[in-house]
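Dear colleague,

I am passing on the structure we spoke about, and below it you will find my notes on what turned up. Please read them with the model open beside you.

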Amino acid sequence: MNTAMVDRIVAATLYEGYILYPYRASSVKNQVRWTFGGVFPRAHSEAVHGADPHTATTECLLRGGHDARLEVRVRFLHVVARTAARLSHPLAHPPASHDPPPELERVATVDVDGVTHRSWEEAAERELDGGRVTLGALLTEPRMLSLSIPAGCDTQWLRTPGGTVTAALLREHEPLLVSIEVSAERVATDLARVRVAIGNVSPVSSAQITDRSAALRHALVSTHVMLGVEEGAWLSLADPPVDAAAPAAACRNTGLWPALIGEPGSADTILASPIILQDHPQLAPESPGDLFDATEIDEILSLRILTLTDTEKEEMRSADDRARAMLERTENLTQDDFMRMHGALRSTRPRIGGPDE
């Protein structure tokens, strides 16, 4: 697997829509988040008649013999609820693990040393490494994988310049239980259809079944599947070879779309993403960093960020660490940086006529 390349592409698509311009929690655009690649608990999905899916499936074509070795990885985001809390009684130092927990009042915002900390939903990256398996083994028997994540809570204590603990940020996540089936079938002498099916079997309480906000805490968000191969080659579903056109048309992808990753002509890595990508996608070298909205132009969004008022920028800083880093990066862009983003001419191929026309 072309790990370096696929990690760069996934880093750009995994957080698509995570927070949108004007990058403030109070913005209407950010009231409905986590819209890409959701795989919800089955009980919730069935209660809302499939409006929120509980499965995601990708089918890809592989040319190779029984000794072709496949690598499977699944990556997604897990919603983390960050809650601001105020201590009823300030502490001289953070409590130790054996100390009784201090009394906390959960609030929408808390100010510590002139910095506002807000309650918000963040995300933790999760990954299941399915290891390697031969095509011959998959043709004989599907491979079953599972990922279990227990509920958890991390506490970040907030202190004044003098060291007194006056507040905290609580980061809580709900449990997840994910099942993954990897299977294959021959569709021609040297051609196999490889299928990866992801299911969310996380238990949810009766009170959470029809509550989408609660179900999101038990969901896989922005789900991606990465497939690598040695001693074989993946085929493009968008532009398959003539002998694979019919099998390619028969592949079924639900919630995911597979694209070849790597330099043009390479065929050792597939990324199945909830966002449709062309084969061999490339990140624009002019882009200074992620803006969480790849359908926009970096220059336009960067200029818009700079037009935010000081009050709006302060809310952006307090909303999210990633938004804060984006603001600081944008404010430090030079004129040369903006000129690089201003315009770029890519290859104009194919063109009419010969190379000299």
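Helices and strands here are DSSP runs, of at least four residues for helices and at least two for strands, numbered from the N terminus. In those terms, glycine 289 lies in the loop between strand S13 (269-273) and H6. Please keep in mind throughout that this is a predicted model. Beyond its neighbours within four places in sequence, glycine 289 is in contact with Asp298 and Arg329, and its C-alpha is 9.0 Å from that of threonine 330, although the two are 41 residues apart in sequence.

Turning to the interior, the largest nonpolar core has 38 residues, and those with the most contacts inside it are Tyr18, Tyr23, Trp34, Leu271, Ile305 and Met316. Among the elements that give two or more residues to this core are strand S1 (55-91), strand S5 (120-134) and helix H6 (298-306), while the largest share, four residues, comes from H1. A second, separate core of 34 residues includes Val182, Val196, Trp234 and Leu260.

Tyrosine 18, again leaving aside neighbours within four places in sequence, is in contact with residues including Trp34, Trp120, Phe292 and Arg322.

Leucine 170 is found in strand S8 (residues 165-173), and it counts as buried because its relative accessibility is 6%, where the cut-off is under 20%. Its C-alpha atom is separated by 6.5 Å from that of alanine 84, which is 86 residues apart from it along the chain. With neighbours within four places in sequence set aside, the contacts of leucine 170 include Ala81, Leu104 and Cys153.

With best wishes

How values were computed:
Residues are numbered from 1 along each chain as its sequence is written. This is a predicted model: local features need pLDDT of at least 70, side-chain atom pairs count only at pLDDT 80 or more; totals for chains, interfaces and linings use all residues. Side-chain values use heavy atoms; hydrogens and water are left out. A nonpolar core is a set of buried Ala, Val, Leu, Ile, Met, Phe, Trp, Tyr and Cys residues joined through side-chain atoms within 4.5 Å. Buried means under 20% relative accessible area, exposed over 50%, partly exposed in between (1.4 Å probe, protein chains only). Contact means heavy atoms within 4.5 Å.
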